[in-house]
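Please look over the chain shown here before reading the notes that accompany it.

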Amino acid sequence: MNSYNKNPIPTKKETRHLHVWEICENDYLCFDSATCSVYSSTNISSFKSLINQPNTVQPSNTYSPLKHNFTKNYHPAQFVFCLTDACNLNCEYCYQGEYHGDNREGALKIEDALKNVDILAKSKRKGVKTIIFFGGEPLLEKGLLKEIVLYCEKEHPNVKWAFSMTTNGTLLDEDIFNFIKKRNFSIMVSLDGPPGSGLVKTSKETIENIRIAEELAPNTISSIRVTLGPKKPPDLISLVDFFENLGIKRIYVALASLGTVGTKSLYNWSSAKDLWISEFNRYSDYCISFFIKNKRFPYFMPFAKAFKMYLTGEIFEHYNPYIPCGIYRGMVAVGQDGNYYPCHRFVGMKSAIIGYDLFSESYSKFVSDKLNQYGNRDVKCKSCWCNPLCHGGCPHDCVDNNMEFKSELTDDYCDIVRSLYENMFKIIYKIMGNKKLLLQKGIIREQDNCFRLSSEGE
Ligand code: SF4
Ligand code: SF4
């Protein structure tokens, strides 16, 4: 049996699913969507006894209205400054053309930027305040970026600031390395693979600049983001190896956005879906053998956050569905037009503009309404076993042109997502015997309520 959402064991309650799949011959796992628990067995029929077990977590949590104390908790903690909508590259999967058209050259006005630094500094959110520089390509506005950072330090010296930037890496230079290395500043470089790999973003300059960074500002390039389109998948093992050899310690592999706003779909994943699923299956086997051989995971782990949460037991406390990212919950994007948006991805979408004072009661109500609308939307996620893990995919891809959460991701895309979660559990199951090693490596702690995997449906 190797199905994704085809044959969940029918249960009495609509929102509970026992999803069973075979990870190798006569070795099955079963995911209970009501409790997020996973069971293993060599006998598929043994899972049927689970149906009559009481749920430790009520399935009704799945779509109950969310209750938040917004005045306390939903002040911004993180601003994404979209410094410009222009870019020196022209990647085929880039979403910028969706709202900004071909003639992009707008830059954020300095007065809009500084005004928002003051707002973030005043936010009642405790702890670190983060500014993420985004674009287009943020380094086209290097002077503006530096001015914002210097203003934060001069005018708000008591705030604990953290800065980061997502860049294509072509314009990184000695000047910027010298500027950031004295600060709490990290860089995510967007690069898809080596030149000649046939992938979209493979700039030689970026690779050279990553090497220079290692000399001038070690550890400032904290991660690489690889975006893959729906053509034939690359050999993930070689790809990850390439980045590890460049000294990168965190690699995120993302599937290019569906961009399903309205009727527009950037990509159709149907033709290569099976190839992607088999490549992820192959890669998960590699992760298991890599862990056994090297006593660590490779630097790309699919769903690394969910993986870690499962290992530590956190997922059992936090899996109430909510928007699966930071939008409306502390993160706000400031577009180059000076308007507020839920995240960088919405910048330029008129109906997504947040026209509220971020400290006002009307903003709290607006956020509350949006979260409830997302949580209660009537889409296929309601009957998907994977929902407590996936939470419905990127919210940007689930809105219509009026900014109502009504759309859903395509079936092909969902099949790939579900196969990735199946692989995540396969990896966890296969490394369970290495709990001692996981403890030694600090991947889990003794007090963590980890590994709710159990066998034979016990
Ligand atoms: S987006 Fe797809 S995979 Fe995710 S919960 Fe919804 S139906 Fe399931
Ligand atoms: S809405 Fe989508 S693009 Fe924006 S932060 Fe959330 S997951 Fe990322």
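The notes below cover the chain as a whole, a run of paired strands, and the surroundings of one ligand.

This is a predicted model, in which local features need pLDDT of at least 70 and side-chain atom pairs count only at pLDDT 80 or more, while totals for chains, interfaces and linings use all residues. Residues are numbered from 1 along each chain as its sequence is written, and chains are lettered from A and ligands numbered from 1 in the order in which they are written.

**The chain overall**
- The chain holds 14 helices and 12 strands, taken as DSSP runs numbered from the N terminus (helices H or I, at least four residues; strands E, at least two).
- Of the 458 residues, 38% are buried, that is, have 20 or more other C-beta atoms within 10 Å of their own, with C-beta atoms placed from the backbone.
- Among contacts (C-beta atoms within 7 Å) between residues at least 6 apart in sequence, 71% join residues at least 24 apart.

**Strands 5 to 7**
- Strand 5 (residues 129-134) runs parallel to strand 6 (residues 161-167) over 5 bridges, pairing being defined by at least two DSSP bridges, and Lys129 has Trp161 of strand 6 as its bridge partner.
- With helix 4 (residues 142-155), strands 5 and 6 form a right-handed β-α-β unit, meaning that, with the strands pointing away from the viewer, the path from the first strand over the helix to the second runs clockwise.
- Strand 6 also pairs with strand 7 (residues 185-190), in the parallel sense and over 5 bridges, with Ser164 opposite Ser186.
- The crossover from strand 6 through helix 5 (residues 174-181) to strand 7 is a right-handed β-α-β one.

**Around ligand 2**
- Cys325, Ile327, Cys343, Arg345, Cys394, Pro395 and His396 surround ligand 2, each with its C-beta atom within 6 Å of the ligand.
- This shell divides into 5 nonpolar, 1 polar and 1 charged residue, where Cys, Ile and Pro are among those counted as nonpolar and Arg among the charged.

Terms used: Buried ≥ 20, exposed ≤ 12 C-beta atoms within 10 Å, placed from the backbone. Contact = placed C-beta atoms within 7 Å.
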